[in-house]
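Visitor: Before we go through this model, please explain for each term you use what entitles you to use it.
Guide: Gladly; let us look at the structure together and take the terms in turn.

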Amino acid sequence: MQPSKERAINSTNFAFRKDATLCSYVPKKNKSVILLSTMHMTDEQTVTAKPEIIKYYNQTKGGVDTMDKMLSEYTVKRRTNRWPLAFFYNMIDIAALSAYIIYTEHNQRFNSTDRRRRFLKELANQLCMPAIEIRTSIPKVVGNHFTRSAMEMVLGRPIQQVISIPNDLPTRDASGRIQIVGSCQTITFGFRLGHSTVHKIVKDVCESIIDKLLLEVMPPPSVQDWEKIGDDFWNKWNFPNYANCKFIAVDVGSYGKNSDGGIFTNLNFGKALEMGKFNVPKGKNLPGTQCSAPHVIVGDEAFPLKTYLLRPYRSSTINGDIEKQIFNYKLLRAR
């Protein structure tokens with residue numbers, strides 16, 4: 001099959017398999033043309049001793065070049081570094097060209113200088129029409145002026161804008177204001193603002209709300225407030241000198257990766273308790289005893305033991321001590 005000085009000019013060697021034929025033709029000395037065909041299954045040759053496979057190839061080899069030339073005239077290709085997208089663009093181009101060739105073969109009267117352009121335009125319109133008809137019933141889509149104008153140009157008729165009327169009235173708070181439900185991304189799309197702009201607006205609004213309403217909505221508890229909270233919790237959970245189960249002080253802004261004890265130590269809340277500046281009342285006698293004990297908050301084993309913070313005994317230090325077990329039970333029940 002390879003070129004050889006011993007092979008005569010215009011000689012041909014064939015190799016056959018069940019579904020393929022291999023042909024090696026010598027057009028010049030020390031030159032050979034090798035073709036593999038799944039269409040030709042015989043060693044048929046022309047008058048000039050040239051194999052039929054070679055003749056057929058010479059007649060049709062310009063088809064790929066012609067197709068590439070035609071595809072370059074009208075194409076949907078765009079610059080991209082993603083090979084699946086480039087492959088998809090090529091599929092669309094070839095499918096559109098094939099449809100055009102089939103259509104012109106069956107419609108000989110379709111004859112004009114710009115017939116391919118007109119065909120591709122009509123093909124694109126027909127492919128887009130079902131999706132456009134569906135989108136005409138979506139209020140958010142037709143509500144955009146530019147989108148609606150483009151859809152009307154394709155459809156050739158005006159689109160009646162659909163006004164969406166919600167079934168339920170918007171939820172309002174106690175002051176009558178409408179509650180906004182969503183995310184920064186929702187605001188970005190709804191008002192056509194940049195992400196950084198929306199984040200800054202939300203941050204500024206939250207800071208203004210805190211500055212204006214913090215002391216009104218959540219004032220720092222006074223000594224009398226702490227004492228009343230402790231008495232109420234004793235009556236409810238039988239645990240003295242402890243705050244009730246509700247938010248009376250909130251500090252937000254730490255990362256979840258940090259430990260609870262480290263966060264508490266560095267918070268303004270923790271620092272105020274450490275410095276005695278949070279209006280915590282002085283200790284008083286435990287109910288039914290003469291033993292004075294400070295007012296405390298309760299944490300788990302991740303928190304440090306302080307005069308104002310109680311934590312349970314470690315399980316490794318209990319060693320069957322009933323009093324420590326009872327203490328842990330009541331402290332965990334209080335939490």
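**Sheet and helix packing**

Visitor: Which residue stands opposite T21 in strand 2?
Guide: In this predicted model, F16 is the residue that stands opposite T21 of strand 2.

Visitor: What makes strand 1 and strand 2 a pair?
Guide: Pairing requires at least two bridges found by DSSP, and five bridges join strand 1 to strand 2 (residues 21–25), the two running antiparallel, so the requirement of at least two is met.

Visitor: Why are strand 1 and strand 3 called edge strands?
Guide: The sheet is open, with three strands in the order 1-2-3 and antiparallel pairing; strand 1 (12–16) and strand 3 (33–37) are called edge strands because each pairs on one side only, pairing being a matter of at least two bridges. Neighbouring strands of this sheet are turned by 15° against each other on average, direction ignored. Helix 1 (residues 52–60) packs on the sheet, where it touches strand 2 and strand 3, and its direction makes about 90° with that of strand 3.

Visitor: How do you know which residues of helix 3 meet helix 4?
Guide: Contact means heavy atoms within 4.5 Å, and therefore A96, L97, A99, Y100 and Y103 in helix 3 are said to meet R115, R116, F119, L120 and L123 in helix 4. By class, this contact of helix 3 with helix 4 has eight nonpolar, no polar and two charged residues.

Visitor: What describes the crossing of helix 3 and helix 4?
Guide: The axes of helix 3 (residues 83–106) and helix 4 (residues 115–135) come within 10 Å and cross at roughly 115°, and the crossing is right-handed.

Terms used: Residues numbered from 1 in each chain as written. Predicted model: local features only at pLDDT ≥ 70, side-chain atom pairs only at ≥ 80, totals over all residues. Heavy atoms only, no water. Helix = DSSP H or I, 4+ residues; strand = E, 2+ residues; numbered from the N terminus. Axes fitted to C-alpha atoms, helices over the stretch in contact; angles between N-to-C directions. Left-handed = near helix turned anticlockwise from the far one by under 90°. Nonpolar A, V, L, I, M, F, W, Y, C, P; charged D, E, K, R; others polar.
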